[in-house]
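Trainee: Got a minute to walk through this model with me? I'd like to get a feel for what sits where.

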Amino acid sequence: MSEALVLGGGGVGGIAWITGLLAGLADTGQDVTGADLIVGTSAGSAVAAQLGSGLSLEELYARQTVPELQAAEIMADGDLERFGAQMTELLHKTPSFQELRRAVGAYALETETVSEAERRAVIESRLPSHAWPERALQIVAVDAESGEPRIFDKASGVGLVDAVTASCAVPAVWPPATVDGRRYMDGGARSAENADYAAGASRVLVIVPLGTAQAFPSEVPLAQALQELREGGAEVAVVEPDEASRTAIGPNPLDPGIRTAAAEAGRAQGRSLKLRWTGAR
């Protein structure tokens, strides 16, 4: 019996909310962080990496809620509706999702942002440990030039900080990250969750900071991925922000100022849940 934890994208607000949610679940005896496989995309990749750092959930929660422990973030505009509209418009002009990702990648490569070094320093400050954990961890990014997705893991020969930096490189917000001579952008350019990469697991818990309503076109929509997982025999549960958590995250999940509120709302929501996922301990 194998268990997979899928952590989706959602900016710094998503990182805080997922961390709070996991802590709240653990508060009620539903610790799901011992899954055999963790698939992390964007914000989810940062949380996944933190879970393998050796710090407890309580310590990770404090890093989201205690100002002096919070990572040094850079303020950014995260208008998801506008980005979704732009991607939808591009999709109408391209013959495939790979071509769409290439178009998004070209736009990301052309957009002036902070330097790669500045952005990588932010990711370094987010991660308590820069070493890959022993557990199975997959971090999803997309090649900005070819449009091909890439899964980074311990065996990929890529450092954990570089893998998370690539997965968190929101197009036209942060610079595509250079890894092995290639430029990579946010894994959310393929799917906000990439839940299909959990195929083969008997139990799958998918945590979606952006909610189940898809904000932008995806090659593997969440509903399709969940259906395929269930058809493959997996027991699947999905958690998205409740009303209080959505309010706490607000319209810009990239705003560092929302971290404490998002983490607190996530913890309260986690404490209120009774998962339909027997892998919760």
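Mentor: Sure. Keep in mind that this is a predicted model. Let's begin with helix H2, which is mostly covered: nine of its nine residues are buried.

Trainee: Which residues are the buried ones in H2?

Mentor: They are Ala43, Gly44, Ser45, Ala46, Val47, Ala48, Ala49, Gln50 and Leu51.

Trainee: Gln50 catches my eye there. How buried does Gln50 count, in relative accessibility?

Mentor: Gln50 has 2% relative accessibility, so it counts as buried. The cut-off for that word is under 20%.

Trainee: And what does Gln50 touch?

Mentor: Leaving out residues up to four places away in sequence, Gln50 touches Ile15, Thr19, Leu60, Gln64, Arg126, Leu127 and Pro128.

Trainee: Where do Leu60 and Gln64 belong?

Mentor: Both are in H3, and both are buried there. Helix H3 spans residues 57-65 and is mostly covered, with seven of its nine residues buried.

Trainee: Which other residues of H3 are buried?

Mentor: Besides Leu60 and Gln64, the buried residues are Leu57, Tyr61, Ala62, Arg63 and Thr65.

Trainee: What covers the buried residues of H3?

Mentor: The cover includes helix H1 (11-27), H2, helix H6 (116-126) and helix H10 (259-272).

Trainee: Back to H2 for a second. What's in the loop between strand S2 and H2?

Mentor: Ser42 lies in that loop, with S2 covering 37-41. The phi of Ser42 is near 55 degrees, which is a positive value in a residue other than glycine.

Trainee: Is Ser42 buried or exposed?

Mentor: Ser42 has a relative accessible area of 7%, so it is buried.

Trainee: Which other non-glycine residue has a positive phi?

Mentor: Asn194 is one, with a positive phi of about 55 degrees although it is not a glycine. Asn194 is found in the loop between S6 and strand S7 (203-207). With a relative accessible area of 0%, Asn194 is buried.

Trainee: New topic: aromatics. How many aromatic pairs does the structure hold?

Mentor: The structure holds one aromatic pair. The rings belong to Phe152 and Tyr184; their centres are 5.4 Å apart and their planes are at 75 degrees, so the pair is edge-to-face.

Trainee: Why does the pair tie together separate parts of the chain?

Mentor: Because Phe152 lies in strand S4 (residues 149-152) and Tyr184 in strand S6 (residues 182-186), the pair ties together parts that are 32 residues apart in sequence.

Trainee: Are Phe152 and Tyr184 buried or exposed?

Mentor: Phe152 and Tyr184 are both buried. For Phe152, the relative accessible area is 0%.

Trainee: What else is Phe152 in contact with?

Mentor: Setting aside neighbours within four places in sequence, the contacts of Phe152 include Trp132, Leu137, Gln138, Ile139 and Ala141. Val158, Ala163, Ala166 and Val179 are also among them, along with Tyr184.

Trainee: How far is Phe152 from Asp162?

Mentor: Their C-alpha atoms are separated by 9.5 Å, and the two residues are 10 residues apart along the chain.

Trainee: I had Gln224 marked too. Where is Gln224?

Mentor: Gln224 is in helix H8, residues 222-231. Gln224 is partly exposed, with a relative accessible area of 34%. The C-alpha atoms of Gln224 and Asp196 are separated by 8.6 Å, with their positions 28 residues apart along the chain.

Trainee: Okay, zooming out. How many helices and strands does the protein have?

Mentor: The secondary structure comes to 10 helices and eight strands.

Trainee: And what is the radius of gyration, next to that of a compact globule?

Mentor: The protein has 17 Å, and a compact globule with 281 residues would have a radius of gyration near 19 Å, which agrees. The C-alpha atoms fill a box of roughly 45 × 45 × 40 Å along the principal axes.

Trainee: How much of the protein counts as buried?

Mentor: Of the 281 residues, 55% count as buried. The accessible surface comes to about 11300 Å², and 50% of that belongs to carbon and sulfur atoms.

Trainee: What about contacts between residues 24 or more positions apart?

Mentor: Those account for 80% of the contacts with a separation of 6 or more.

Trainee: Last one: how far apart are the mean positions of the positive and negative charges?

Mentor: They are 3 Å apart, taking the 23 positive and 37 negative charges of the protein.

Definitions and conventions
Residues are numbered from 1 along each chain as its sequence is written. This is a predicted model: local features need pLDDT of at least 70, side-chain atom pairs count only at pLDDT 80 or more; totals for chains, interfaces and linings use all residues. Side-chain values use heavy atoms; hydrogens and water are left out. Buried means under 20% relative accessible area, exposed over 50%, partly exposed in between (1.4 Å probe, protein chains only). Contact means heavy atoms within 4.5 Å. Helices (H or I, at least four residues) and strands (E, at least two) are DSSP runs, numbered from the N terminus. The radius of gyration is taken over C-alpha atoms; the globule rule is 2.2 Å times the number of residues to the power 0.38. Accessible areas come from the Shrake-Rupley method with a 1.4 Å probe; for residues, only the protein chains shown count as cover. Lys and Arg count as positive and Asp and Glu as negative; His and the chain ends are not counted. The place of a charge is taken as NZ of Lys, CZ of Arg, CG of Asp or CD of Glu. Rings of Phe, Tyr and Trp (its six-membered ring) pair if their centres lie within 6.5 Å; planes under 30 degrees apart count as stacked, over 60 as edge-to-face and the rest as tilted.
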